[in-house]
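I sat down with this chain today and kept notes as I went. Here is what I looked up, in the order that made sense to me.

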Amino acid sequence: MLMKKCFTLLMAALIVSVAAQNARADEIVYKSLGMGWMTDDMVTQLLDWQPVTYQVEIMQAEDDSPFYRVVSPYGKAFADEIEKVNNKILTPEQYDSEGKCYIDIDASDPDNVIFHKTMTGFDLGTGEVFIGVNSSYNVVFRDGKFTAPMLGIAVGMGESAIAANRRGKFRIVLPGIELSDYIMSIEPASQCLTERTFKATLSVGADIAEVRYAVFPNMLEDEMIGHVRLVTESGATFGPRGEFSYEMDEVNKETIVLVGLDRDGERVGYVWCSYYFIDEDPDGWTDCGDAEFTDGILQDLISNIPSQTTRCMLQQSKAEPTRYRLVDPYSGLDEYAALNAKHKDHHHYIYINAGTPECIYIEESPIGMESGQYGLMRVNSYVNYFLCVGYDIEECIETGMGAVIEDGVMTFPEDALQFSMLNYDDGDWYSVNTKQETRIVLPEGFDITSSVANVAVDNNIDAPAEYYDLQGVKISNPQSGKLYIKRQGSTVSKLIVR
């Protein structure tokens, strides 16, 4: 499976004077300090590979001024570690096998290190990758270590670049300085919960002094960077190491975000995990009859596979009569059978919200399939996405992204649907349904909007506001000056209570 990544051009202010800086760096005479360490979280980010740590030669200006050079940062040591960690074999033409590339670093201001633009020698056939243009977040030099915050360094090809180091793993460590163990990982027992107990195993490096955390209801993963900063500043201390569990709140989805701090209170890593509640209560839903589901979502992403069609049960919620779901819509699609191996012991659903007939939409739904290292597959619609980031339903109607029903057939506009895998690109969403082949043929004679007139629509303005702390615990009396999560109707937002 190949998903297209989009590169955005950095603002000119972020790359000004790069040529002049490099010219000055070329005039410096360097001496070798020996072998240090580098952790790459830039080039590996482009390919959704795991970060790698390896030894590199590090030099300093001959007069001991704070100018440094990393020799062949993407050479043989990098390629060897890529093979070891990511099981990817690079040919000599694909990395700096001749040792011609350098990273030149100006640490005159240790709180705002200049990280010169560097051609890496890394090229998989789409153009040589460069790194090293600082973004608006500063690279810092402390105790013999160069570090950068998430999105603190740019990486790209040609004239375009994106902010990198999304996982915050980047390090360059001078020779003789101890390589700290800041590893963090979380392994969930399952990301689909049929009971509201989330279980996982947390691994934490020996040099992480404190772990802070928060649990967010119905969070969008592309807001991750902001949430990590919130947890760093305001999260509660997380004590468990190894296996842990806790009870999920009465929501459809939660995300736990954990941040690791060193002994100085600096953030040195983070991990997160989203998980869903799968409602298997048969008494809460009414069977409406067989529907016909045609997938134009995965068909949009997997080449040489035509759109697939299957029959599945349509159910209606008894508690929310304008909410429907398709039962196991992907389990009957033979082309995708291999991706269902881990999810045979429970059902999966595509949830449909028909609360506003002129703007019917799909809610965020795990579909019960995984793709190797990329994790749980999910579908969504732009309407639901817009509602989650603060749009109201009237604004969503104006986008024209809602589904249309004609003669008992529900269809979706071009690019109105989204697809994501939890471990790919930090769970970001990609536009799908480009061929407009996704459709749902409703049970014969069934009108999905028939109950709407008799049901009060969830109105974000009139609905009572509910407040939660950063751990997802409901707060009856929010205190002034503190940060909370506010849920009002279908809208979730973060705010400081005044």
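**Entry 1: an open sheet.** I started with a sheet of four strands, bearing in mind that the model is predicted. The sheet is open, its order is β26-β27-β30-β31, and the pairing is antiparallel. I looked up the edges next: β26 (365-370) and β31 (430-432) each pair on one side only. I also noted the twist, and neighbouring strands here are turned by 35° against each other on average, direction ignored.

Then I took a look at one pairing within that sheet. Strand β30, residues 417-421, runs antiparallel to β31, and three bridges join the two. I picked out Phe419, whose bridge partner in β31 is Tyr430. A reminder to myself: strands of a sheet pair through backbone hydrogen bonds, either parallel or antiparallel.

**Entry 2: the whole chain.** I stepped back for the overall tally. I have six helices and 36 strands in the secondary structure. The chain has 498 residues, and 53% of them are buried. The accessible surface comes to about 22500 Å², with 47% of that belonging to carbon and sulfur atoms. I also checked contacts between residues at least 6 apart in sequence: 63% of them join residues at least 24 apart.

**Entry 3: a hairpin.** I moved on to β10 (residues 153-157) and β11 (residues 160-164), which run antiparallel and are joined by five bridges. Gly156 stands opposite Ala161 in β11. Two residues lie between the strands of this hairpin, and there Gly158 takes a positive phi near 60°.

**Entry 4: Gln60 and its surroundings.** Is Gln60 buried or exposed? Gln60 has a relative accessible area of 11%, under the 20% cut-off, so I wrote it down as buried. I found Gln60 in strand β2, residues 52-61. Leaving aside neighbours within four places in sequence, I listed its contacts as Val29, Tyr30, Lys31, Leu33, Ser65, Phe67 and Tyr68.

Lys31 on that list caught my eye, as it forms a salt bridge with Asp64, the closest N and O atoms being 2.4 Å apart. Lys31 sits in strand β1 (residues 30-40) and Asp64 in the loop between β2 and β3 (67-71), so I logged a link between distant parts of the chain, 33 residues apart. Lys31 is partly exposed, at 28% relative accessible area.

**Entry 5: more salt bridges.** How many salt bridges does the structure hold? I have 15 in my notes, and I followed up a few of them.

- Arg142 forms one with Asp111, the closest N and O atoms being 3.2 Å apart. Arg142 lies in strand β8 (residues 140-142) and Asp111 in the loop between β4 (102-106) and β5 (114-115), so the pair ties together parts that are 31 residues apart in sequence. Both ends are partly exposed: Arg142 has a relative accessible area of 41%, and Asp111 has 42%.
- Arg311 and Glu292 meet through their side chains at 3.9 Å, N to O. I placed Arg311 in strand β22 (residues 308-317) and Glu292 in strand β21 (residues 285-295), 19 residues apart. Arg311 is exposed at 54% relative accessible area, whereas Glu292 counts as partly exposed at 25%.
- Glu221, Lys253, Glu364 and Arg378 are joined into one network by salt bridges that share partners.

How values were computed. Residues numbered from 1 in each chain as written. Predicted model: local features only at pLDDT ≥ 70, side-chain atom pairs only at ≥ 80, totals over all residues. Heavy atoms only, no water. Pairing = 2+ DSSP bridges. Helix = DSSP H or I, 4+ residues; strand = E, 2+ residues; numbered from the N terminus. Buried < 20%, exposed > 50% of the residue type's maximum accessible area, 1.4 Å probe, protein only. Contact = heavy atoms within 4.5 Å. Areas by Shrake-Rupley, 256 points an atom, 1.4 Å probe, with all protein chains shown as cover. Axes fitted to C-alpha atoms, helices over the stretch in contact; angles between N-to-C directions. Salt bridge = Lys/Arg side-chain N within 4 Å of Asp/Glu carboxyl O.
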